[in-house]
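Subject: Structure handover

Dear colleague,

I am handing over the structure we spoke of, and below it you will find my notes on what was found. Please read them with the coordinates open beside you.

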Amino acid sequence: MKGWIYQLKSVRKDKFCIMSFFLPVLVAILLNFAGSIDLSSLGELQFVLTAGDLTSETTEWLARYGTVMICQTEEELISEINDPSTNLIGIEKDGKGIKTILSGDEWAILQQAAGTLPLLYEQRESSAQVGVQILSRPDILAGYQHIFAAMTLVVAMFMGCTFNAMNIISEKEEGVVFINEILPMSPKEYLIQKIGIGFVFGCLSALITAAICFRLPFARAAVMLALLVLSAFVSSLIGLFIGRFSNGLMIGVVYIKLVMIVFMAVPMISYLAGVENRILTFLSYLIPSSATLEGIMDLANGGTAMAGKDTVILAVHGIVWFLLYLLLAGRGKKQA
């Protein structure tokens, strides 16, 4: 217990670990907030015209298809259209019809709309008799929010890896590691003491992030809990390996960043590519976060079968990494 208290005190000194704990939670809050923002207005047409140039009937007709902006002079109208920060379609009277004015840097879809608008205006009377069905606009972020949340969870579970690695590296630089080697402590006891704080805080960060991002029924929430706990455990174990093989602070930071990139890139590419090759799928499972991401996405989409399989894969990872570190620590203890 005293060893855990000592490890807990070291957390307060490490700003890197504190940031690793709070950053995923902050990102989860921002994702939850972003999901409620209506971005559909970004796709609306925006028209600009000169006051008195078009009739009120034409102005009302344009307002049915987008927002209408009125300029007092033609110079002001041209200036607004040429502004790089806008995507305005200029409208001017052209005999009995209308013509559009563009600066040329608009989106392709707006240029197509501007080209169709004069013909649509000519046929406005006949088109008014056509029945129109207005469909609800889908949320632009809806298709991506789950995968953003899942990757945020992967980062949250990586907190234990960061803390354990930095803790062991700092002990090496301060000489505490030599004291640990001669203490009457078995490799198993040392491992439990070292992994404890990183594992607990990694779980806590992941659980808070999951509670913010997902609303799951009890059965799926229980499977999610198992996934988070096992993932945090494996991540903490990997942090011990990084700390063990790092000879200095800068080397340790490089190792942490490389491992974090692999932890995020491999599952993301594997999931988005939808790899169905058994060999490639098996190779992707060698990275623990691949099973984590797949399980979280399965639970978020209402399933449990894939998540159950991924829980078993993470359990195997935990056992293998745990036994491997015990083996290495036992040899190191004998040599000391």
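I begin with a local detail: in the hairpin formed by E3 and E4, where two residues lie between the strands, Gly-95 adopts a positive phi near 65°. Please bear in mind from the outset that this is a predicted model.

On confidence, the mean pLDDT of the protein is 78, and 78% of its residues reach 70 or more. Among the elements of the protein, E4 has the highest mean pLDDT, at 89, whereas helix H9 (residues 176–182) has the lowest, at 57. Where pLDDT is low, the predicted coordinates should not be read in detail.

The sheet

The hairpin belongs to an open sheet of four strands, arranged in the order E2-E1-E3-E4 and with mixed pairing. Its edges are strand E2 (66–71) and strand E4 (97–101), each of which pairs on one side only. On average, and with direction ignored, neighbouring strands of this sheet are turned by 35° against each other.

Strand E1 (residues 45–50) pairs with strand E3 (residues 89–94) in the parallel sense, over three bridges. Within this pairing, Phe-47 has Ile-89 of E3 as its bridge partner, and Val-48 has Gly-90 of E3. On the hairpin side, E3 and E4 run antiparallel and are joined by five bridges, and Glu-92 stands opposite Lys-99 in E4.

Two helices lie across the sheet. Helix H3 (residues 56–63) lies across E1, E2, E3 and E4 and runs at about 140° to E2, while helix H4 (residues 74–82) lies across E1, E2, E3 and E4 and runs at about 155° to E1.

H3 against H5

Helix H3 also packs with helix H5 (residues 108–122): their axes come within 12 Å and cross at roughly 125°, and H3 and H5 are therefore oblique to each other. The crossing in which H3 passes H5 is right-handed. On the H3 side the contact is made by Thr-58, Trp-61 and Leu-62, which meet Leu-117, Leu-120 and Tyr-121 in H5. By class, the residues of this contact of H3 with H5 divide into five nonpolar, one polar and no charged.

H11 and its two partners

Helix H11 (residues 218–245) and helix H12 (residues 249–273) have axes that come within 9 Å and cross at roughly 145°, in a right-handed crossing. Here Ile-238, Ile-242 and Phe-245 in H11 meet Gly-252, Tyr-255, Ile-256, Val-259 and Phe-263 in H12. The contact of H11 with H12 has seven nonpolar residues, one polar residue and no charged residues.

The other partner is helix H14 (residues 288–300), which packs with H11 at an angle of about 165°, the axes being 10 Å apart. Angles over 145 degrees count as roughly antiparallel, and H11 and H14 are therefore roughly antiparallel to each other. The crossing of H11 and H14 is left-handed. From H11, Arg-220, Val-223, Met-224, Leu-227, Ser-231, Val-234 and Ile-238 meet Pro-288, Thr-292, Gly-295, Ile-296, Leu-299 and Ala-300 in H14. By class, this contact of H11 with H14 has nine nonpolar, three polar and one charged residues. Ile-238 of H11 thus appears in the contact with H12 and in the contact with H14.

With best regards

Notes
Residues are numbered from 1 along each chain as its sequence is written. This is a predicted model: local features need pLDDT of at least 70, side-chain atom pairs count only at pLDDT 80 or more; totals for chains, interfaces and linings use all residues. Side-chain values use heavy atoms; hydrogens and water are left out. Two strands pair if DSSP finds at least two bridges between them. Axes are lines fitted to C-alpha atoms, for helices over the stretch in contact, and angles run from 0 to 180 degrees between N-to-C directions. Contact means heavy atoms within 4.5 Å. pLDDT is the predictor's confidence in each residue, from 0 to 100. Angles under 35 degrees count as roughly parallel, over 145 as roughly antiparallel, 65 to 115 as roughly perpendicular and the rest as oblique. A crossing is left-handed if the near helix is turned anticlockwise from the far one by less than a right angle, and right-handed if clockwise. Ala, Val, Leu, Ile, Met, Phe, Trp, Tyr, Cys and Pro count as nonpolar, Asp, Glu, Lys and Arg as charged, and the others, Gly among them, as polar.
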